[in-house]
Amino acid sequence: MGGGPKVPYPKHVWSPAGGWYTQPSNWKANTAVFMGVILGITALTWKLSADREFRHKMPEPGRFYPSRYWSKQIREHEAAQKANKTEES
């Protein structure tokens with residue numbers, strides 16, 4: 001039921017993925033390190049994007065708008081609106 005023996009392959013072929021039938025003993029650690037690298041790059045890209053984000057038109061108050069939580073421009077605009085509203089009262 002095993003489908004037969006493994007297919008013969010040349011031993012001198014190198015592959016960045018490890019070649020045929022590879023299963024390195026430290027694959028879990030390698031995966032964790034690479035996921036950490038991906039997470040770090042994503043966080044840096046997210047931060048750079050949030051810092052460079054610019055809105056010509058601000059979102060309506062009370063409407064769900066995800067970037068309202070991380071966009072500095074929108075947070076400052078809403079804080080200024082809240083301050084103006086309390087000064088008027």
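Here is a short chat about a predicted model of a protein chain.

Me: How many helices and how many strands are there in the protein chain?
Reply: Let's start with the overall layout. One helix, α1, covers 27-52, and another, α2, covers 72-88. The count for the protein chain is 2 helices and 0 strands.

Me: And what share of the 89 residues in the protein chain is buried?
Reply: A residue goes down as buried when its relative accessible area is under 20%. Among the 89 residues of the chain, the buried share is 10%.

Me: What about contacts in the protein chain with a separation of 6 or more: what share comes from residues 24 or more positions apart?
Reply: Here we take the contacts with a separation of 6 or more and pick out the pairs that sit 24 or more positions apart. Those pairs account for 3%.

Me: Is E53 buried or exposed?
Reply: First, find E53 in the loop between α1 and α2. Its relative accessible area is 18%. The cut-off is under 20%, so E53 counts as buried.

Me: Which residue forms a salt bridge with E53?
Reply: As a general idea, side chains of opposite charge can pair when their charged atoms come close. For E53, the closest N and O atoms of the bridge are 2.8 Å apart. The partner is partly exposed, with a relative accessible area of 25%. That partner is R55.

Me: Which side chain is joined to that of E53 by a polar contact of 3.2 Å?
Reply: Leave aside the neighbours within four places in sequence, and E53 is in contact with W70, S71 and Q73, among others. The polar contact at 3.2 Å runs from side chain to side chain. At the other end from E53 is S67.

Me: Where does the side chain of Q73 reach R55?
Reply: Q73 lies in helix α2. Not counting residues up to four places away in sequence, Q73 touches E53, F54, R55 and M58. At a distance of 2.6 Å, the Q73 side chain reaches R55 at its backbone nitrogen.

Me: How far apart in space are Q73 and A50, C-alpha to C-alpha?
Reply: Along the sequence, Q73 and A50 are 23 residues apart. In space, C-alpha to C-alpha, the distance is 9.3 Å.

Me: Why are D51 and K47 separated by about one helical turn?
Reply: Their side chains meet in a salt bridge, 3.3 Å from N to O. Both belong to helix α1. They are about one helical turn apart because their spacing in that helix is 4 residues.

Me: Which residues are linked in a network of salt bridges?
Reply: Begin with the E60 and K57 side chains, which meet in a salt bridge at 3.9 Å, N to O. E60 is partly exposed at 34% relative accessibility, while K57 is exposed with a relative accessible area of 63%. The linked residues are K57, E60 and R63.

Me: How many residues of each class are in the lining of the largest pocket?
Reply: The largest pocket has a volume of about 150 Å³. Its lining is made up of P61, G62, R68, E78, Q81, K82 and K85. Sorted by class, that gives 1 nonpolar, 2 polar and 4 charged residues.

Definitions and conventions
Residues numbered from 1 in each chain as written. Predicted model: local features only at pLDDT ≥ 70, side-chain atom pairs only at ≥ 80, totals over all residues. Heavy atoms only, no water. Buried < 20%, exposed > 50% of the residue type's maximum accessible area, 1.4 Å probe, protein only. Polar contact = N/O pair within 3.5 Å; in protein donor to acceptor, adjacent residues only side chain to side chain. Contact = heavy atoms within 4.5 Å. 1 Å grid on protein atoms, 1.4 Å probe; cavity = no way out; pocket = protein on both sides within 12 Å on 5 of 7 lines; lining within 4 Å. Points joined across faces, edges and corners; volume = space filled by probe spheres on them. Nonpolar A, V, L, I, M, F, W, Y, C, P; charged D, E, K, R; others polar. Salt bridge = Lys/Arg side-chain N within 4 Å of Asp/Glu carboxyl O.
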